[in-house]
Amino acid sequence: MIDLHDIRYVHLGTPDLDSAVEFATKVVGLQQARRDGNRVYLRGDNRDHTLCYFEGDPADHTVGFEVSTADMLEAAGAELDNAGHRVDYGRNDACDTRRCQRFITFRDPSGNRIELVWRPQDNGGRRYFPTRDAGITDFSHVGLCSTDPVRDEAFWTRVCNARVSDWIGDAPLLRIDEVHHKIALFPSKKPGIQHINHQVAGIDDIMRAWYFLKERGVRIVFGPGRHPTSGAMFLYFEGPHGMIYEYSTGVSRITDEDGHRPRQFPFTPEGFCMWGSKPDIAEFRD
Ligand SMILES: [Fe+2]
């Protein structure tokens with residue numbers, strides 16, 4: 001069993017690095033940590049980076065998770081190999097681009113590029129200090145496209161240590177620690193990251209962002225609303241190349257690991273929002 005300690009980063013390709021970074025800093029409210037050739041590192045909390053935009057294909061998405069020890073990374077490589085996943089071991093120059101000591105990379109059953117990193121860098125003791133105060137407290141989870149949520153739930157729960165917190169239709173919300181979910185599988189015809197979540201400090205930040213984004217003509221795709229699953233209040237909006245960003249606050253924690261029983265919610269707008277907001281995304285229009 002692979003023990004994922006926490007979600008760590010997202011790396012996204014873009015053919016227009018400057019405008020993607022401008023959106024990430026001036027709209028989302030991330031801090032530019034550094035620019036390194038064709039890569040720009042951004043952070044949403046005190047870690048070295050939580051998002052990296054690089055010059056490349058906008059369909060090129062990677063999610064990184066941290067594992068705690070070198071032995072665990074080694075064992076994870078062997079386990080993935082046994083389970084039939086091709087595992088590549090990061091070379092030194094690739095470790096530099098991830099700012100970690102060692103990492104491995106593989107694809108989940110839907111074809112999503114996943115990386116496991118060991119000893120990712122801290123940010124050198126400097127506070128996260130963005131130029132736009134969106135109230136972000138941390139990078140917290142991703143929505144991950146799944147071409148078969150039942151199959152992929154089996155992968156994440158049997159090969160990794162993910163546990164189902166709730167289901168929306170066939171799609172599980174998966175936790176790897178006490179936070180209700182760090183991975184939300186989302187039914188799709190192709191792999192990729194469906195959304196990127198940053199937690200914000202409170203409902204004031206959600207509502208302030210709603211007005212801020214509307215004034216700037218940013219497309220709101222869902223919310224403001226409240227998830228009946230995690231209890232989090234949310235706002236989703238569209239970023240570069242159709243990537244959806246989410247702010248949310250108040251996500252529940254599951255502290256009674258043995259006593260928690262996942263609940264079933266419908267794959268309808270009501271399953272995603274208990275206030276009545278309707279998602280304006282393709283999967284609900286088809
Ligand atoms: Fe989310």
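The largest cavity in this predicted model holds about 260 Å³ of space. The structure has one cavity of 30 Å³ or more.

Let me turn to what surrounds that space. Of the 23 residues lining the largest cavity, those closest to its centre are Phe186, His195, His227, Tyr236 and Phe272. Several elements each give two or more residues to this lining: E9, strand E11 (171-175), strand E12 (183-187), E13, strand E14 (220-226) and strand E16 (244-249). The largest share, three residues, comes from E12. As for chemical class, the lining of the largest cavity comprises 15 nonpolar residues, seven polar residues and one charged residue.

I now come to the metal site. Which residues coordinate the iron ion, and through which atoms? The donors are His141 through NE2, His195 through NE2 and Glu246 through OE, at 2.1 to 2.2 Å. Along the sequence, these donor residues follow the spacing H-x53-H-x50-E. Histidine 141 belongs to strand E9 (residues 136-146) and histidine 195 to strand E13 (residues 193-200), so the pair ties together parts that are 54 residues apart in sequence.

Are these two histidines buried or exposed? Histidine 141 is buried, and histidine 195 is buried as well.

Finally, allow me to bring the two topics together. His195 is one of the donors to the iron ion, and His195 is also among the residues closest to the centre of the largest cavity. The strands that carry the two histidines, E9 and E13, are both among the elements that give two or more residues to the lining of that cavity.

Key: Residues are numbered from 1 along each chain as its sequence is written. This is a predicted model: local features need pLDDT of at least 70, side-chain atom pairs count only at pLDDT 80 or more; totals for chains, interfaces and linings use all residues. Side-chain values use heavy atoms; hydrogens and water are left out. Donors are N, O and S atoms within 2.8 Å of the metal (3.2 Å for Na, K and Ca); water is not among the atoms, so sites may look incomplete. Helices (H or I, at least four residues) and strands (E, at least two) are DSSP runs, numbered from the N terminus. Buried means under 20% relative accessible area, exposed over 50%, partly exposed in between (1.4 Å probe, protein chains only). On a 1 Å grid over the protein atoms alone, a cavity is a set of points where a 1.4 Å probe fits but cannot get out, and a pocket is an open set with protein on both sides within 12 Å along at least five of seven lines; lining residues have an atom within 4 Å of a point. Grid points are joined across faces, edges and corners, and a volume is the space filled by probe spheres set on the points. Ala, Val, Leu, Ile, Met, Phe, Trp, Tyr, Cys and Pro count as nonpolar, Asp, Glu, Lys and Arg as charged, and the others, Gly among them, as polar.
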